[in-house]
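Colleague: Could you take a close look at the salt bridges for me? I would like to hear which side chains pair up and whether they are buried or exposed.

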Amino acid sequence: MTTILELTSANKTNNKATNNKLQREGENEYPPAKRSKTDDEEEPTVVGNGTIVGAPKQQTLSGVNSGNVNVETTKNTEGQDGEKMDTSNNAGGVGGNSDELLDKNLYSRQIYTLGESAMVNLRTASVLISGLGSVGVEIAKNLILGGVRHVTIHDTKLAKWSDLSAQYYLRDADVGHNRATSCYERLAELNDSVNVQVSTDELTEEFVKTFDLVVLTDAARTAQRQIAAWTRAHNRRILITDARGVFSYIFNDFGDNFRIDDATGEQVREFFIEHIDKTTGEVTTLENLFHGLEDGDHVTFSEVKGLTEINGCEPLKITVKNASKFNIGDFAVSFSDYKEGGRCRQVKVPTSVSHVPFEKSLVEPEFGIWDYAKFEYPSQLHALWTALYAFEEKYGRSPAPRSTQDAALLKELIPSGTEEIPEKLIELFSFSASGNLVTVSSVVGGIAAQEAMKGVTHHMTPLKQWLHLDHVEVLPGDWTSFDNSKLSETDCQPRQSRYDGQAAVFGWPYQECLFRQRWFVVGAGAIGCELLKNLSMMGVACGEGGLIKITDMDQIEISNLNRQFLFRRRDVGGKKSECAARAVTAFNSDVRIEALAERVGLETEHIFNDEFFGELNGVANALDNVDARRYMDRRCVYYRLPLLESGTMGTKGNTQVVYPYLTESYSSSVDPPEKEIPVCTLKNFPNEIQHTIQWAREQFETFFAQPGEMANKFLSDERGFNEHVDKLISGQQIDILQKVKDALIDARPSSAEDCIRWARNQFQELYHNNIAQMLHSFPPDQLTDSGAKFWSGAKRCPHVLNFDPSKEEHFNFVFAASILIAELYGVQPILDREEVIRVALSVNPEPFEPKSGVKIAVTDAEAKEQNERGASSMIVDDDAAIEALKLKLATLNVKSTSKLNCVDFEKDDDSNHHMEFITAASNLRAENYDILPADRMRTKQIAGKIIPAIATTTAAVAGLVCIELYKVVDANGIPKTPMERFKNTFLNLSMPFFSSAEPIGAPKKTYMDREFTLWDRIDVQGPLTLQEFIDNVQNQTGGCEVSMLSAGACLLFSFFMNAGKKQERLKTEVKAVYEELLKKSLHPSVHALVLEPMMSDPDGEDVEVPYIRYSF
């Protein structure tokens, strides 16, 4: 018999789409994760059969002390081999409709990573996770956040002090109690749409076979062999993983002929065709654009003219010729001749992979590569893990830290026939075997959880089959006060402390240094939450003098909960930094943390000032935009602080170490800019759904955001508004004044019916009249000057739309637009669909009459010129038009005219009709141009520029970041860690692929035979006059002459300045010169200026010198 306990989640709520602007719920309605109960507490619980039972502490479960729950032993409902767990009574329900299975607000970023079909598979899967140690809890957390429908956690072991080093859902009071039952409630509340159960009996074959996938952690080798045999026998999948100290591994066996629906998880490629040679099978892309295909990919075709038989063909396997050509073989040799046009689309064709059973794989392993600089490590570590399990079975314990005797015993148990393993590696492995590091568990747990998802979704390529990870570079050397090679057994002895598992690896002196660390974490999103978890469990800032500062100005949204695991539904609307700081103290009450809610930037340098940065040991970025990353990078270079940088996009992630005087900075290398959509394509010639979505997004701003902003500026300060407008070119003046006039006079609705009429007229203008004008200017049979068809290649000939409210997007456009324009003007909208249709049908648009003199931009240059000229392109007398507009606006009584309610785009609130409008507007334009439409999810991703995200990648990346943090800790300042000890890592969990390399060194430059890097500067102590300052700089640079001197946008000195002005300025104190140019006084917290000089050497040649810090 197997015991299953199912408790109602403390966070169980209706998981339907929830308004983004939820009010903060009462604490009683959403209780926090419960602490370990005291002796006299009882709580009703529900077992798997629904029976209510009491839960007094210290009852036993099948002879095992379960800690703090008493569970009735019930028979597990077991059917035939292929039968899965009953899913009929799960939270959220399971039906055929994916919308019923998925809360798309909650899982949106993960859906963009995995795809909707994979998410549906997750929402019907059942997974058993056995072993709730540090790795097990990390995998459980990631799978529950990911939305696996059924997760059963299992353990027969009792919590020990060393578990608390990395198992963040255990508390001090849980020591001596069952690990699974102790952390069950804290795991279950992570996701109220997941059915979490707990089992504490020994595993049986009958129980194991009921799960789609078994994840086995912290288990003896004999147990691994037995359970792996059971899963093989019943065609189930298994993943085995473990971590000790700085070493870990993953093994998976997904059986024979495991189907892979999508090997990479990447978006399919789609492009236009220039030519198809049916004889040779060679296909050339339009304008020789990059196709991005690889040998063995499959494609299909559409819209091909002439060779029509190829349209809609079954997927064809291709071979790549070059970046713009590929071959489809003789498939089309008997078809009619190719004429023109066509689109090619990549098709993901399922493949399969066969795995070797665990028993066979132990002796004939196939390894993935973790570190390409250590090709010999996988086989050596494989043998050492085998020896470790044999050691633990023989001696009933792990090798003791720093015990050379145990290292010798371990060596004796290395399997015979193993190639010689270096003594140093054997010692490191043995010394590390009792260690328990949250950082390592975070890395291996993130990767393993992604592998588990592959096992139940058939999405992305699984590991084949072993991955051995090591982080030996993390161990301090003789460049620090904590040389690992000099540690004794006494330095690492357990003290019945939550830090025992980490001290076993690094020693207590190092651990005590971690207590005093002061770090700044910038961002409390997905990576920020994981960093805080890791830092608190490591003991960073957990002692006197230590402090973690966290800042994030954002508020928590529903979509955050899928991966930002410190937040719950009750936190929606709260500040991320404050909620994260509060939540992380539950992991380790020793941690000292201060939450801020300020943006990092120039405007907050009075907060994040010299004193703020002067107290820090380092900075960890958890940001989501490049500008903020670059700003923090400049700050860290200026204050000479270590910066740990990281980022994720779906299953891809990277880490970068920026280390004073050693490495380049984050800003030293710049990614190529994203390819922008040509303006003329957006305005007139869309050919992809991305074009129509971006166009619709711009319409949203044009209709509902910009008019309100401009009109309100006019109403707030009419004189200042006109002064600003007068400085613009005439076309821009006319454009702005016309928009304000339209917003406040001509288009201002007086009723909800007017709003509907306005929306109906916009439909007519955008989807009928504008298209009719286009076809008037360029008829379908139009030829270019060279005689080629105008509507060919990427140009798609459009057609007009006639309003039909029975068509969904026609109605949605008018409905959403009428509501949004009503919101702009503070009018109560009409929400009754029938009434909206009635009013819309009452509008009788004027018949279309082609306009003369209309120039439609055909090239990007023409489109940009039209944008710059604005409305004046159609006006003969600009001055007269401007004057007429100003006179009309002057008649408006600004004091009695109410301001507009600017509508700011918010993508994640389904109740605000923003995405409804953009989806409808985009799909209608797509209909104009015969482009396949996109659903709201796809539209939201493109319009909102949403970056795909998933908890697994975030966990792995945050673990790697904190592994690098170990390397920058020393008793006095930062250590002189050698470059080769640091690792910049890139990973792609979909492949899976891992690549680590040393950081790039800081580029060295010279002037006057002096060498410097970006970490060097010229320090000048004030107060000094500008002349004294220049003399000081010229003296420090060996006689180089200052020709120009600037601070930001302010030019303090230049050789071409007016002689009188120059002499006056040279006599003025530098700070005073800067404040005069800035036209305001510096904040009292500013104690220095950064100055950039332009200098020449004594020979008159320009030279580059370091920047100057002028302190005062």
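Modeller: Happy to; here is a walk through the charged pairs, with a short stop at a nonpolar patch at the end.

Please keep in mind that this is a predicted model. The structure holds 57 salt bridges, and I will pick out a few of them.

Let's start with Glu473 and Lys374, whose side chains meet in a salt bridge with a distance of 2.5 Å from N to O. This pair joins distant parts of the chain, 99 residues apart. Glu473 sits in the loop between strand E21 (466-470) and helix H13 (500-506), while Lys374 belongs to the loop between strand E20 (367-368) and helix H9 (377-395). Are these two partners buried or exposed? Glu473 has a relative accessibility of 12%, so it counts as buried. Lys374 is at 10%, and therefore counts as buried too. The cut-off behind both calls is that buried means under 20% relative accessible area.

Next comes the pair of Lys1005 and Glu1104, a salt bridge at 2.8 Å, N to O. Here too, distant parts of the chain are linked, the partners being 99 residues apart. Lys1005 lies in strand E30 (residues 1005-1007), and Glu1104 is found in the loop between strand E36 (1102-1103) and strand E37 (1108-1111). Lys1005 counts as partly exposed because its relative accessibility is 36%. Glu1104, at 47%, is therefore partly exposed as well.

A third pair is formed by Asp261 and Arg259, with the closest N and O atoms 2.6 Å apart. With a relative accessible area of 27%, Asp261 is partly exposed; Arg259 has 39% and is partly exposed.

Some charged side chains go beyond simple pairs. Which residues are linked in a network of salt bridges? They are Asp155, Lys157, Asp163, Arg179 and Asp218.

Now for the nonpolar stop. Tyr372, Phe375, Phe986, Met991 and Phe993 make a nonpolar surface patch of about 480 Å². One of these residues, Phe993, lies in strand E29 (residues 993-997). Phe993 counts as partly exposed because its relative accessibility is 33%. Patches are made of residues with over 30% relative accessible area and no salt bridge, so the 33% of Phe993 meets the area cut-off.

To come back to your request: the Glu473 and Lys374 bridge has two buried partners, whereas Lys1005 and Glu1104 are both partly exposed.

Key:
Residues numbered from 1 in each chain as written. Predicted model: local features only at pLDDT ≥ 70, side-chain atom pairs only at ≥ 80, totals over all residues. Heavy atoms only, no water. Patch = residues over 30% accessible without salt bridge, like charges linked within 9 Å, V, L, I, M, F, W, Y side chains within 5 Å. Areas by Shrake-Rupley, 256 points an atom, 1.4 Å probe, with all protein chains shown as cover. Salt bridge = Lys/Arg side-chain N within 4 Å of Asp/Glu carboxyl O. Helix = DSSP H or I, 4+ residues; strand = E, 2+ residues; numbered from the N terminus. Buried < 20%, exposed > 50% of the residue type's maximum accessible area, 1.4 Å probe, protein only.
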